[in-house]
Amino acid sequence: MKNALFSILLFALCIPIIHAQSIEGSWQGELAVMGQKIPLIVHFSEKEGEWSGKMDSPNQGAMGIAMRKVLFDGTMLSFEMSVGNASYEGLLLGEQIKGSFSQSGMSIPLDFTKAKDGELKSAQPNRPQNPQEPFEYEIQELSFENSEAGILLKGTLTKPVGNGPFPTVVLISGSGPHNRDHEIMGHRPFWVMADYLTNRGIAVLRYDERGVGESKGVYTDATTIDLMTDVSAALDFLKSQDFVDSKRLGVIGHSEGGLISWMLGAEYEGLDFLITMAPPVVPITELMDKQTEAITRVSGANEMIVNAAVERNREVYKVVVESNNIDEIKPKLKELFESQLKSMGVPESMMDAQLKQLQQAYESQLDTWMINFLKMKPADYIHRIDIPVFAAFGSKDLQVDAAQNGNELIALFSGKPELLEVKVYENQNHLFQTAQTGAVDEYAKIEESISYLLLEDIVKFIESIGSK
């Protein structure tokens with residue numbers, strides 16, 4: 001959400017100036033939000049006069065979140081996060097950084113203390129599935145070009161030993177900027193998947209999305225359609241490689257990557273099969289309605305709050321879908337929010353502040369990607385697919401509801417059921433981890449990165465291609 005940097009009032013006469021200070025190294029702090037304390041760790045390094053930094057949120061399992069615009073003049077520190085539109089400003093005072101964290105128009109006090117050697121070892125989450133050497137397959141770092149967009153993309157190919165030909169897949173990550181491992185909350189599910197599949201004789205290409213890691217381009221400028229062209233470029237590259245089995249070339253897409261898989265299945269020539277994990281099937285606005293309801297309810301909100309959240313978002317989505325661009329959307333949203341606040345009986349004295357907060361919260365999310373995403377109807381692509389499909393859903397997935405999307409998918413393939421295999425994995429969440437509630441805050445706490453049951457079914461499905 002959109003943030004505004006705030007100023008810190010300095011009492012210069014009361015604070016002695018400390019010279020030759022440095023922020024180099026790691027610092028620990030706690031962010032107090034809505035009665036919860038969230039431990040945060042920041043790491044800073046300097047090279048040729050330029051500072052860079054990363055942030056860890058161990059309780060959320062989010063490690064190595066990149067910072068941008070890290071500025072430090074020996075006393076004052078400021079930085080912006082690469083995700084979440086959050087920022088920080090603080091003052092270095094010896095072994096402490098005293099300042100505030102800003103997000104969604106709110107400023108929250110946040111102080112950091114210099115971390116001593118060895119203090120941070122316990123902060124790393126346990127991820128037992130992360131692959132360990134030695135590897136009994138070939139690993140190649142490579143690049144390929146999306147000539148249509150003029151972007152060079154870099155990734156990793158894991159290939160069984162030998163000349164092949166081998167069944168081969170491209171992995172497609174979900175929404176948000178992801179590196180080749182689909183790294184999220186300390187998990188590296190695409191690395192785990194690539195290791196598992198390649199040990200079973202399947203070549204796997206995974207890559208950093210445009211503007212992420214070593215890949216060029218700008219992620220924030222891309223729509224789902226743009227991201228599809230990156231996958232098409234990966235497939236074009238693989239089709240020219242001798243080790244690829246030309247009759248068993250496919251994709252594995254997760255979440256938005258599943259939507260991209262539908263698009264490729266309808267439009268890309270030479271694709272032999274699709275594997276989709278938690279793919280959107282119903283119109284995106286309907287999927288988002290269900291997602292809002294499920295996530296709000298599992299957070300402990302009562303039914304009145306749940307219904308209010310669903311209704312507000314539904315009306316926002318309607319405005320977006322019926323508009324052509326952000327300039328057309330903004331005045332319509334202002335009118336909508338004014339009407340909603342009045343109906344809620346918000347006092348006139350609080351109206352401007354409440355209205356501004358709502359506008360900031362929603363408008364900051366309505367970038368080019370989101371506007372195009374909300375308008376998408378996966379069925380427009382799915383009904384044109386005529387290659388084998390394996391679709392996996394988790395029964396505790398709160399982001400892509402298994403019943404809502406799985407049943408719709410079966411209906412869309414009613415005229416060609418032989419092409420479709422659907423499986424719902426009990427007690428698994430959106431990341432295909434074994435979960436208690438499916439809530440997002442569980443993702444980091446679970447040590448499992450991705451279900452081996454799912455990976456084994458994926459292998460069996462790929463092995464069946466060409467034998468049916």
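On the far side of helix H6, away from its buried face, Asp327, Glu335 and Lys342 are exposed, where exposed means over 50% relative accessible area, buried under 20%, and partly exposed in between, with a 1.4 Å probe and protein chains only. Before I go on, I should say that this is a predicted model, in which local features need pLDDT of at least 70, side-chain atom pairs count only at pLDDT 80 or more, and totals for chains, interfaces and linings use all residues. Residues are numbered from 1 along each chain as its sequence is written, and side-chain values use heavy atoms, with hydrogens and water left out. When I name a helix (H or I, at least four residues) or a strand (E, at least two), I am referring to DSSP runs, numbered from the N terminus.

Let me stay with H6 for a while. It runs over residues 326-343, which makes 18 residues, and from its first C-alpha to its last it reaches 25 Å, close to the 26 Å expected at 1.5 Å a residue; that expected span is 1.5 Å times one less than the number of residues. Which residues of H6 are buried? They are Ile329, Leu333, Leu336, Phe337, Gln340 and Leu341. These lie on the same side of H6, because they cover an arc of only 125 degrees around the axis, the arc being that of the directions from the helix axis to the C-beta atoms. As background, an α-helix has 3.6 residues a turn, so residues three or four places apart point the same way. The cover over the buried residues of H6 includes helix H5 (303-321), helix H7 (348-363) and helix H8 (368-374), where contact means heavy atoms within 4.5 Å.

At the N-terminal end of H6, Asn325 acts as a cap, with a side-chain oxygen 3.1 Å from the backbone nitrogen of Asp327. Just after the helix, Gly345 takes a positive phi of about 75 degrees.

One of the buried residues of H6 brings us to the aromatic pairs, of which the structure holds 14. Rings of Phe, Tyr and Trp (its six-membered ring) pair if their centres lie within 6.5 Å, and planes under 30 degrees apart count as stacked, over 60 as edge-to-face and the rest as tilted. The rings of Phe337 and Tyr362 have their centres 5.3 Å apart and their planes at 45 degrees, so this pair is tilted. It links distant parts of the chain, with Phe337 in helix H6 and Tyr362 in helix H7, 25 residues apart, and both Phe337 and Tyr362 are buried. For Tyr425 and Phe432 the ring centres are 6.2 Å apart and the planes at 85 degrees, so that pair is edge-to-face; Tyr425 and Phe432 are both buried as well. There is also one aromatic cluster formed by Phe44, Phe79, Tyr88 and Phe112.

Turning to charge, side chains of opposite charge can pair when their charged atoms come close. With a salt bridge taken as a side-chain nitrogen of Lys or Arg within 4 Å of a carboxyl oxygen of Asp or Glu, the count comes to 20 salt bridges. In one of them, Arg210 and Asp230 meet at 2.8 Å, N to O, and the pair links distant parts of the chain, since Arg210 is in the loop between strand E12 (203-207) and helix H2 (224-239), while Asp230 is in helix H2, 20 residues apart. Is Arg210 buried or exposed? At 7% relative accessibility it counts as buried, and so does Asp230, at 1%. By contrast, Glu322, whose salt bridge with Lys318 has its closest N and O atoms 3.0 Å apart, counts as exposed at 52% relative accessibility. Elsewhere, Glu141, Arg180, Asp208 and Glu214 are linked in a network of salt bridges.

Helix H1 (residues 189-199) is mostly covered, with 10 of its 11 residues buried, among them Trp191, Met193 and Tyr196.

I will finish with some backbone details. Cis peptide bonds join Glu133 to Pro134, with omega about 0 degrees, and Gly164 to Pro165, with omega about 5 degrees. His182 has a phi near 50 degrees, a positive value in a residue other than glycine, and at 4% relative accessibility His182 counts as buried. Ala278, in the loop between strand E14 (273-277) and helix H4 (284-298), has a positive phi of about 55 degrees although it is not a glycine, and Ala278 counts as buried at 0% relative accessibility.

Key. A polar contact is a pair of N or O atoms within 3.5 Å; within protein, one must be able to donate a hydrogen and the other to accept it, and residues adjacent in sequence count only if both atoms are side-chain atoms.
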